[in-house]
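I opened the notebook today to look up the enclosed spaces, the open pockets, one helix and the cysteines. The entries below follow the order in which I looked.

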Amino acid sequence: MKKGLVMEGGAMRGMFTAGVCDVLLENGINFDGAIGVSAGATFGCNFKSKQIGRAIRYNKRFAHNWRYCSFLSLLLTGDLYGADFCYKQLPNKLDLFDYETYRSNPLKFYVVASDCKTGKPVYKELETCDEKDLTWMRASASMPLVSRVVKVDGYELLDGGMTDSIPLKAFEDMGYEKNLVILTQPRNFVKEASSSLKLMKFSLRKYPKMFDAMLHRHEVYNQEKAYVFEQEEAGKCFVICPFESLGISRTENNPDELQRVYNLGRLAAQESLGRLMEFLK
């Protein structure tokens, strides 16, 4: 029976996921595969490279660096989160990503991106985290309105959360039967329609199917979340999520706030550890 790790996105709510993953690594908890969406991909890749503390470290260090995340970056580059800084300078020079460990780790790592032409999710395994793989990772985290469309392998892509925010069903279809799902919203959260649909319609005018997906995104999200809890009730998945709303901005740049949410992730994981180990047996 293959064991999987499923990581929701949520921009800086992803610090919660980073905290959970670090506790998993510290306790030697392994999986056969992992899948991340948006921040679940960009921070979750450190689980495969086994770099405890890396995600919280570089996010705090560069929280106020305009090249990492700022409206100046959006104005100058077209991306709120600077593509060159985040996916080239950061992993290769500023806070080194352990490519060797990533590639030697047998865990399979997937990301979810949204195909702008079809309005459907695309699931991509990142085997080496080379430049093309990192482009896929960037696509997975390229939020609408504040990111350029990412072109790679013939696709035109944006944030995976636009079409499959919690890819548990997709991972089950890949053969992962026993899964840990890390959510970044509390159990009682219900997603509502986006307040930016008019802007979305203009921004996605070249991609009508993608806009149609955004019209129904809240419905799909709520259905996916309900499915997660159904599977949890059936004993087929284990859920770790915040006890209450994390109360953090998607673009938070206060290091203390980042640390607070990271600590909440650690706490949630530590409190679930015994039950999780029993579930994974």
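Entry 1, the largest cavity. I sorted the lining of the largest cavity by class and found 20 nonpolar residues, four polar and three charged. I keep in mind throughout that this is a predicted model. The volume of this largest cavity comes out at about 390 Å³, and of the 27 residues that line the largest cavity, I noted Thr 42, Phe 43, Cys 86, Tyr 87 and Ala 141 as the closest to its centre. I then asked which helix gives the most to the lining of the largest cavity. The answer is α6, with five residues, while α2, α4, α6 and α8 each supply at least two.

Entry 2, helix α6. Since α6 had come up, I looked at the helix itself, which runs over residues 83-94 and spans only 14 Å between its end C-alpha atoms, where a straight helix of twelve residues would span 16 Å at 1.5 Å a residue. I listed Ala 83, Phe 85, Cys 86, Tyr 87, Leu 90 and Pro 91 as buried in α6. These buried residues pack against α2 (39-42), α4 (54-61), α7 (99-104) and α8 (131-140). Two of the buried residues, Cys 86 and Tyr 87, are also among those closest to the centre of the largest cavity.

Entry 3, the second largest cavity. The structure holds two cavities of 30 Å³ or more, and the second largest encloses about 60 Å³ of space. Its lining is made up of Ala 18, Cys 21, Asp 22, Phe 43, Asn 46, Phe 47, Gln 51, Gly 53, Arg 54 and Ala 55. By class I recorded five nonpolar, three polar and two charged residues for the second largest cavity. Helix α1 (14-26), α3 (45-48) and α4 each supply at least two residues of this lining, and the largest share, three residues, comes from α1. Phe 43 lines this second cavity and also lies among the residues closest to the centre of the largest one.

Entry 4, the cysteines. Having met Cys 21 in a cavity lining, I asked how many disulfides the model has. The count is zero. Cys 21 is in no disulfide, and the nearest cysteine sulfur, that of Cys 45, is 9.9 Å away. At 5% relative accessibility, Cys 21 counts as buried. For Cys 69 the closest cysteine sulfur is that of Cys 86, and because the two sulfurs are 7.7 Å apart, they are too far from each other for a bond. Cys 69 is likewise buried, with a relative accessible area of 16%.

Entry 5, the pockets. I turned last to the open spaces, where the largest pocket has a volume of about 910 Å³ and is lined by 36 residues, with Arg 13, Met 143, Lys 191, Arg 217 and Arg 250 nearest its centre. The lining of the largest pocket divides into 15 nonpolar, 14 polar and seven charged residues. Helix α12 (residues 217-233) contributes the largest share of that lining, three residues. The second largest pocket holds about 290 Å³ of space, and of the 13 residues that line the second largest pocket, Ser 147, Arg 148, Val 149, Ser 203 and Arg 205 are the closest to its centre. I classed the lining of this second pocket as seven nonpolar, three polar and three charged residues.

Key
Residues are numbered from 1 along each chain as its sequence is written. This is a predicted model: local features need pLDDT of at least 70, side-chain atom pairs count only at pLDDT 80 or more; totals for chains, interfaces and linings use all residues. Side-chain values use heavy atoms; hydrogens and water are left out. A disulfide is a pair of cysteine sulfur atoms within 2.5 Å. Buried means under 20% relative accessible area, exposed over 50%, partly exposed in between (1.4 Å probe, protein chains only). Helices (H or I, at least four residues) and strands (E, at least two) are DSSP runs, numbered from the N terminus. The expected span of a helix is 1.5 Å times one less than its number of residues. Contact means heavy atoms within 4.5 Å. On a 1 Å grid over the protein atoms alone, a cavity is a set of points where a 1.4 Å probe fits but cannot get out, and a pocket is an open set with protein on both sides within 12 Å along at least five of seven lines; lining residues have an atom within 4 Å of a point. Grid points are joined across faces, edges and corners, and a volume is the space filled by probe spheres set on the points. Ala, Val, Leu, Ile, Met, Phe, Trp, Tyr, Cys and Pro count as nonpolar, Asp, Glu, Lys and Arg as charged, and the others, Gly among them, as polar.
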